[in-house]
Amino acid sequence: KLSIKNNHYNNFVRNFFGLLSKSDFSGNDVTTNSLIKNKGIAAYIIAKEEGIIAGLEEFSLLNSDLKLKLFKKDGDKIKNGDIILEINGSAGKILARERMNLNLIQRMSGVATLTDSLSRKSKNKPRIAATRKTLWGLIDKKAVSIGHGLTHRLSLNDGILIKDNHLKLLNHDFGKALSLAANKSRYVEIEVENEEQSMKAAKAIKKLINKNNKNMFAIMLDKIPPQYIKKIIQNLKNQDLYSNVLLEASGNINSENLLEYSNCGADVISMGCITNSAKVLNMSMEIK
């Protein structure tokens, strides 16, 4: 789904950067138009630090009216001084889009690089996943996938995630919430905040599975310290509830405490920081 071959994603990228372009360009690059005649030029995008390159598919889509020569592909490791791509075409177009184009691949490469770094730190066991705490929506999710992370839900329509506010409106009836959800979606996840809620959710899930339910269930262990997650998992095993669910650790997890969570027994660790706190990967555009 996160490919420009997919019409929904293609339109999202075009519309998103169309808005950025309008706010940046406003119909006239007064500097370039004042100083330089509209002649043909060539330019390079050059890496200024090492990382994982991302955003080249989107870059090619948004600059299809220019001649591009790519020396790297999405997911490649790059180092300081590497030439990423060459652009040939109108000086007016290339210079007017310089910042937007750099923002695109710097942002996506920064997210991909951070995701890759954290995935390697956890040795992909458990897997690192994004959250919906994104700045660039599906574009950030695409960068996470390039960095070997899981995208989680791409939209509210991708699966059911029963959160605390949903449960409050159902008087914290875990069984009712899960039963209603299971009738509407194959993938159902429920958020819990402590061991008692974990057991309630797991027992309700087991009842649904025993009724030949074909859903996939997950429990999100939200803001629960890793030592307590270990205890919860052991109790799930003791009560024959462990094999029925996917377990996700989430909330306040970062690079400093990642290893503690990696060793707690969860299947997935979701981290908002990989999309809302990632640094851009430094690059520059140089005229040939």
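Is Lys 200 buried, partly exposed or exposed? Keep that in mind; the tour reaches this residue at the third stop. The model on your screen is a predicted one.

**Stop 1: the whole chain**

Show everything as a cartoon. Count along the chain and you will find 12 helices and 12 strands. Now turn the view. The C-alpha atoms fill a box of roughly 75 × 35 × 25 Å along the principal axes. The chain has 288 residues, and 48% of them count as buried. Look at the contacts too. Take those with a separation of 6 or more: 74% of them join residues 24 or more positions apart.

**Stop 2: the largest nonpolar core**

Select Phe 17, Ile 45, Leu 178, Ile 219 and Met 271. These residues touch the most other members of the largest nonpolar core, which has 80 residues. Which helix gives the most to this core? Colour helix H5, residues 98-121, to see the answer: H5 supplies eight residues.

Now zoom in on Leu 178. Leave out residues up to four places away in sequence. Leu 178 then touches Ile 162, Val 188, Ile 190, Ala 201, Ala 204, Ile 205, Leu 208 and Phe 217.

**Stop 3: two helices and Lys 200**

Select helix H8, residues 174-182. Add helix H9, residues 195-210. The axes of H8 and H9 are 9 Å apart, and the helices pack at an angle of about 45°. How are they placed relative to each other? An angle of about 45° is neither under 35 degrees nor within 65 to 115, so H8 and H9 are oblique to each other. Their crossing is right-handed.

Show the side chains where they meet. H8 brings Phe 174, Gly 175, Leu 178, Ser 179 and Ala 182. H9 brings Gln 197, Lys 200, Ala 201, Ala 204, Ile 205 and Leu 208.

Back to the opening question. Lys 200 sits in H9. Its relative accessibility is 42%, so Lys 200 counts as partly exposed. Then draw a distance from Lys 200 to Asp 29. The two are 171 residues apart in sequence, and their C-alpha atoms are 60 Å apart in space.

**Stop 4: Thr 113**

Go back to helix H5 and pick Thr 113. Buried or exposed? Its relative accessible area is 19%, and the cut-off for buried is under 20%, so Thr 113 is buried. Next, find the polar atom of its side chain that lies 2.8 Å from the backbone nitrogen of Ile 52. Beyond residues up to four places away in sequence, Thr 113 touches Gly 51, Ile 52 and Leu 281.

**Stop 5: Thr 131**

Move to another threonine, Thr 131. Look for it in the loop between strand E6 (127-129) and helix H6 (138-146). At 13% relative accessibility, Thr 131 counts as buried. What does its side chain reach? Draw a line to the backbone nitrogen of Lys 133, which is 3.0 Å away. Select the residues around it as well. Thr 131 touches Lys 141, Ser 270, Met 271 and Gly 272, again leaving out residues up to four places away in sequence. You have met one of these before: Met 271 is among the residues picked out in the core.

**Stop 6: Ile 233**

Select helix H10, residues 226-238, and find Ile 233 in it. With 5% relative accessibility, Ile 233 counts as buried. Which residues does it contact, apart from neighbours within four places in sequence? Show Tyr 242, Leu 247, Cys 264, Gly 265 and Ala 266. Then draw one more distance, this time to Ala 96. Ile 233 and Ala 96 are 137 residues apart along the chain, with 55 Å between their C-alpha atoms.

**Stop 7: two positive phi angles**

Most residues other than glycine have a negative phi. Two loop residues are worth a look here.

Pick His 152, in the loop between H6 and strand E7 (160-162). His 152 is not a glycine, yet its phi is positive, at about 60°. At 25% relative accessibility, His 152 counts as partly exposed.

Finish at Asn 171, in the loop between helix H7 (164-169) and H8. Its phi is near 55°, again positive in a residue other than glycine. How accessible is Asn 171? The value is 69%, so Asn 171 counts as exposed.

Note on methods
Residues are numbered from 1 along each chain as its sequence is written. This is a predicted model: local features need pLDDT of at least 70, side-chain atom pairs count only at pLDDT 80 or more; totals for chains, interfaces and linings use all residues. Side-chain values use heavy atoms; hydrogens and water are left out. A nonpolar core is a set of buried Ala, Val, Leu, Ile, Met, Phe, Trp, Tyr and Cys residues joined through side-chain atoms within 4.5 Å. Buried means under 20% relative accessible area, exposed over 50%, partly exposed in between (1.4 Å probe, protein chains only). Helices (H or I, at least four residues) and strands (E, at least two) are DSSP runs, numbered from the N terminus. Contact means heavy atoms within 4.5 Å. A polar contact is a pair of N or O atoms within 3.5 Å; within protein, one must be able to donate a hydrogen and the other to accept it, and residues adjacent in sequence count only if both atoms are side-chain atoms. Axes are lines fitted to C-alpha atoms, for helices over the stretch in contact, and angles run from 0 to 180 degrees between N-to-C directions. Angles under 35 degrees count as roughly parallel, over 145 as roughly antiparallel, 65 to 115 as roughly perpendicular and the rest as oblique. A crossing is left-handed if the near helix is turned anticlockwise from the far one by less than a right angle, and right-handed if clockwise.
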